[in-house]
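Could you walk me through this model? I'd like to see how the parts sit against one another.

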There are 2 protein chains.
Amino acid sequence: MDRINLSLLKALSENARMSYAELGKRVHLSAPAVAERIKKLEEKGVITGYRPNFNLEKMGIPITALVECQVYRTKEREFKSLIMTLDEVIECYNVTGPQAFVLKVGVTSMSSLDYLLERLIDLSDTNTKMIMSMPINENMPKNIEKVTEITDS
Amino acid sequence: MDRINLSLLKALSENARMSYAELGKRVHLSAPAVAERIKKLEEKGVITGYRPNFNLEKMGIPITALVECQVYRTKEREFKSLIMTLDEVIECYNVTGPQAFVLKVGVTSMSSLDYLLERLIDLSDTNTKMIMSMPINENMPKNIEKVTEITDS
DNA sequence: AATGAAATGTCTAGAGC
DNA sequence: GCTCTAGACATTTCATT
């Protein structure tokens, strides 16, 4: 990782649909040079994809929540299978500690949240925190250039 | 929101750098028609941006964690200011319940996590869960077409 | 709100350094 | 690894429906 690639990653973070030509202007490189660098970052698996960010409220999903699940000892496998099938689960983290799974879920109403939790509760104890806002939403630590190995470009 | 816009959002979710021409093929519309629809989705705030997904491990951030923070009664303001300045905080959720903030943090080592937690602990009690994997990582509920209002296209 | 056509801008592959 | 070039492709604008 050199300084130019880091600049490219930061520029893409601002707008992942930016053209190679525009990216090139930012890093003082030609479009083909940028295209090649980005292709390599994709091949190395540093960049794993590109996504739009949505406003879920405006898509009819007014309620999002974090659900911590303390899965019953013998039910781990079953729990994993279940959550893979649940439409409302947007993200799932497998974490250390007794609440081994943290789900981010999106629902249309409190009653559909209630119904979702009922399906989980056969296999786990749940603890639900309603999301009120997301004051920070980045995709990498802000000090990345200080902590990652920078080679000469 | 009509069926075509929903298809566009799903196609962009798979690859937000897809060209309007390619998107047009998927929904049987011309490139200018697609460009205009997407521009309107952006203007309405349904799409709020486009981002690359990174593999943080490959960027020198091998450790990510969720940190729940129970902020001391009188320290909310100060806590909020603090976290805005912390480089390691990638996401912050403001949620209901005593642990009013959930942070997603990325660090290079356990000692830097320890140092981060020390800075938080003056203003809150923390509970840290190390992230081991992320088996689900979507950007909208999978049943969106069943729960959002679909108008005729 | 969509189309087709024209002009402009961007990408990609290849040659050369 | 970079630049440049040229042909292919994509985007944007606009007249039309």
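**Two chains and two DNA strands**

Let's start where the chains meet strand to strand: β5 of chain A (residues 124-137) is joined to β3(B) by four bridges, and the two run antiparallel. Within that pairing, Ser133(A) sits opposite Asn94(B) of β3(B). Keep in mind that this is a predicted model.

Now step back to the whole interface. On chain B, 64 residues are in contact with 64 residues of chain A. Together the chains bury about 6600 Å², and carbon and sulfur atoms account for 57% of that. If you want to know which residues of chain B to look at, try Arg17(B), Arg51(B) and Met59(B): they supply 13% of the area chain B buries against chain A, more than any other three residues.

There is plenty of polar pairing here too. The rule finds 43 residue pairs in polar contact across the interface of chain B and chain A, counting pairs with both residues at pLDDT 80 or more. Which parts of chain B give two or more residues to the side that touches chain A? They are the helices α1 (3-14), α4 (76-85) and α6 (144-147), plus the strands β1 (47-54), β2 (63-71), β3 (89-95), β4 (101-107) and β5 (124-137), each of chain B. The top contributor is β5(B), with nine residues. By residue type, this side of chain B comes out as 33 nonpolar, 18 polar and 13 charged. As for salt bridges, the rule finds two across the interface. One to look up is between the side chains of Glu68(B) and Lys129(A), with N to O at 3.7 Å.

On to the DNA, beginning with strand D. Chain A surrounds it with Leu29(A), Ser30(A), Pro32(A), Ala33(A), Arg37(A) and Lys40(A), while chain B brings Ser19(B), Tyr20(B), Ala21(B) and Pro32(B). What part of DNA strand D comes within 4 Å of the protein? Sugar and phosphate make up 82% of those atoms. You can see this in individual contacts: a polar side-chain atom of Arg37(A) is 2.7 Å from a phosphate oxygen of DNA strand D, and one of Lys40(A) is 3.4 Å from a phosphate oxygen of that strand. Tyr20(B) uses its backbone instead, with an N or O atom 2.9 Å from a phosphate oxygen of DNA strand D. The elements that give two or more residues to this surface are α3 (31-44) of chain A and α2 (20-27) of chain B. Of the elements, α3(A) gives the most, four residues. Six residues of the surface near DNA strand D are nonpolar, two polar and two charged.

Turn to DNA strand C. Around it you'll find Ser19(A), Tyr20(A), Ala21(A) and Pro32(A), along with Leu29(B), Ser30(B), Pro32(B), Ala33(B), Arg37(B) and Lys40(B). Of the atoms of DNA strand C that come within 4 Å of the protein, 74% belong to sugar and phosphate. Ala21(A) places a polar backbone atom 2.8 Å from a phosphate oxygen of DNA strand C. From chain B, polar side-chain atoms of Ser30(B) and Lys40(B) lie 2.6 Å and 3.1 Å from a phosphate oxygen of DNA strand C. Two elements give two or more residues to this surface, α2 (20-27) of chain A and α3 (31-43) of chain B. The largest share, four residues, comes from α3(B). The surface near DNA strand C has six nonpolar, two polar and two charged residues.

Note on methods:
Residues numbered from 1 in each chain as written. Chains lettered and ligands numbered in written order. Predicted model: local features only at pLDDT ≥ 70, side-chain atom pairs only at ≥ 80, totals over all residues. Heavy atoms only, no water. Near = heavy atom within 4 Å. Polar contact = N/O pair within 3.5 Å; in protein donor to acceptor, adjacent residues only side chain to side chain. Nonpolar A, V, L, I, M, F, W, Y, C, P; charged D, E, K, R; others polar. Contact = heavy atoms within 4.5 Å. Buried area = accessible area lost by both parts, 1.4 Å probe. Salt bridge = Lys/Arg side-chain N within 4 Å of Asp/Glu carboxyl O. Pairing = 2+ DSSP bridges.
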